[in-house]
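Reader: I have a model to look through before I set anything up. Can we go over the helix packing and the ligand surroundings?
Author: Yes, here it is.

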Amino acid sequence: MPHADTIEHGLASAAPEAAPPFGVYIHWPFCLSKCPYCDFNSHVRHARIDEERFVRAFAAEIAATASRIGHRVVSTMFFGGGTPSLMAPTTVGAILDAVARHWTIAPDAEVTLEANPTSVEATRFRGYRTAGVNRVSLGVQALDDAALKGLGRLHSVREALDAVAIARAVFDRYSFDLIYARPEQTLAAWRAELAQAIDEAAEHLSLYQLTIEAETPFAALHAAGKLKVPDHEHARALYDVTQEICAAHGLPAYEVSNHARPRAECRHNLVYWRGDEYAGIGPGAHGRLDIDGARHAVATEKRPESWLMRVEARGHGITIDDVLTRGERADEFLLMGLRLAEGIAPERYAALAGRPLDPARIAMLRQHGLIEIDPGGRLRVTAEGFPVLDAIVADLAA
Ligand SMILES: C[S@@+](CC[C@H](N)C(=O)[O-])C[C@H]1O[C@@H](n2cnc3c(N)ncnc32)[C@H](O)[C@@H]1O
Ligand code: SF4
């Protein structure tokens, strides 16, 4: 019998009178080593991290945000990084307590923690669950030891699968990430790897195509011709196989890189993609806050130690606080919403922008089979359109 929580976590379960979604993102900016492909705000420190000091700063920033926006019902929380699974469970618990002091955490709130799948980190999973985490997202990245080595990962396939098994035993919900379109990856090898991943997955998988990010070691190797990534055609074939295999196994894409069984989508990420409100807490965190009817785009100082000092001096680490214009807000809604298979409600775009989307552009994109209007009137990108999503958004937003 499904657990009651699993039912309540479903997408369609929100009662009509439920509070609007509100997410809290907490950024833990440290990693044991820096992966050569990664440009996230993550840092390696050899000295011990003073977690108590960070907890005090997180609590201060949560208090400062609450004093700006007032009361909220928190529907989702996400501990991301960096490597949040390096935090002691008591640190995670203390941050959750700080959130609960200022806002109401919904009884069915989804609380996700991103974890690296090493054996040491898996030993903390029970502690996280006791602290209030109910979902983990594991960075498995590859089910091939040579590929893991090439990606600079610190874990083996065996270790990652053991961590997945522990996650399965401890949490009602778990997901893991794989990176594909890796150097030398053949279609046949990816098919086999994906089939194995689906056997290990429960309800959710994140499958990212390797991107070469500026100023990473991979970017330097790529520029020097020492790292060959799949060409456009091969990458497209890998993408197509991904869609086909996942859909055939009941894990269709609900977003460009995210696959889930129906009602098992990551509710926190849906907050971003549906244009709902969220607070970003910690170094380099982004937030979208509604204050006096205006949408604020907020971001904090990225460098962990500078962020700490800023928070200790002023109570928050905010370095950017822009009020979005109607046009900016509508464009952001389009950019995020069209990533989702469910698409967007054109009337919401019109309400935000103060004008509807251009009917001539819609007609042209429909004619090319890149977008469609579903029976409920929602505008969605088609399977043909997803590989050229950026161009579609640029065209509609223009
Ligand atoms: C915040 S990151 C990492 C979380 C965790 N520290 C880990 O490494 O397992 C979230 C995910 O983004 C993906 N990612 C990071 N850099 C990428 C890149 N250059 N190309 C594709 N995927 C990437 C990885 O799959 C990673 O698990
Ligand atoms: S991929 Fe994960 S572990 Fe590697 S540097 Fe980025 S955040 Fe850290």
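Reader: Are α13 and α14 roughly parallel or roughly antiparallel to each other?
Author: Roughly antiparallel, because their axes cross at roughly 160°, and an angle over 145 degrees counts as roughly antiparallel, under 35 as roughly parallel, 65 to 115 as roughly perpendicular and the rest as oblique. Helix α13 covers residues 326-337 and helix α14 covers residues 346-353, and the axes come within 8 Å. Axes are lines fitted to C-alpha atoms, for helices over the stretch in contact, with angles from 0 to 180 degrees between N-to-C directions. Helices are DSSP runs of H or I of at least four residues, strands are E runs of at least two, and both are numbered from the N terminus.

Reader: What are the ground rules for the numbers?
Author: This is a predicted model, where local features need pLDDT of at least 70, side-chain atom pairs count only at pLDDT 80 or more, and totals for chains, interfaces and linings use all residues. Residues are numbered from 1 along each chain as its sequence is written, chains are lettered from A and ligands numbered from 1 in the order in which they are written, and side-chain values use heavy atoms, with hydrogens and water left out.

Reader: Back to that pair. Which residues of α13 and α14 make the contact?
Author: From α13, R326, R329, A330, D331, F333 and L334; from α14, R348, Y349, A351, L352 and A353. Contact means heavy atoms within 4.5 Å. By class the contact of α13 with α14 has seven nonpolar, no polar and four charged residues. Ala, Val, Leu, Ile, Met, Phe, Trp, Tyr, Cys and Pro count as nonpolar, Asp, Glu, Lys and Arg as charged, and the others, Gly among them, as polar.

Reader: And at what angle do α2 and α12 pack?
Author: At about 55°, with the axes of α2 (residues 51-69) and α12 (residues 304-314) 10 Å apart. That angle makes α2 oblique to α12. R53, F54, A57, F58, A60 and E61 of α2 meet P304, W307, L308, M309, V311 and E312 of α12. The contact of α2 with α12 has nine nonpolar, no polar and three charged residues.

Reader: Ligands next. How many residues surround ligand 1?
Author: 17, and the closest are G82, N116, Q141, R153 and D177. A residue counts as near a molecule or strand if one of its heavy atoms lies within 4 Å of it.

Reader: Which side-chain atoms face its oxygens?
Author: A polar side-chain atom of Q141 is 2.7 Å from an oxygen atom of ligand 1, and an N or O atom in the side chain of R153 is 2.8 Å from an oxygen atom of the ligand. On the backbone side, a polar atom of Y37 lies 3.0 Å from a nitrogen atom of ligand 1.

Reader: Anything odd about the backbone of Q141 or G82?
Author: Q141 has phi near 70°, a positive value in a residue other than glycine, and sits in strand β4 (residues 135-141). G82 is joined to G81 by a cis peptide bond, with omega about 20°. G82 lies in the loop between β2 (73-81) and α3 (89-102).

Reader: What surrounds ligand 2?
Author: C31, S33, K34, C35, Y37, C38, S42, G82, T83, N116 and R153. That shell around ligand 2 divides into four nonpolar, five polar and two charged residues.

Note on methods: Polar contact = N/O pair within 3.5 Å; in protein donor to acceptor, adjacent residues only side chain to side chain.
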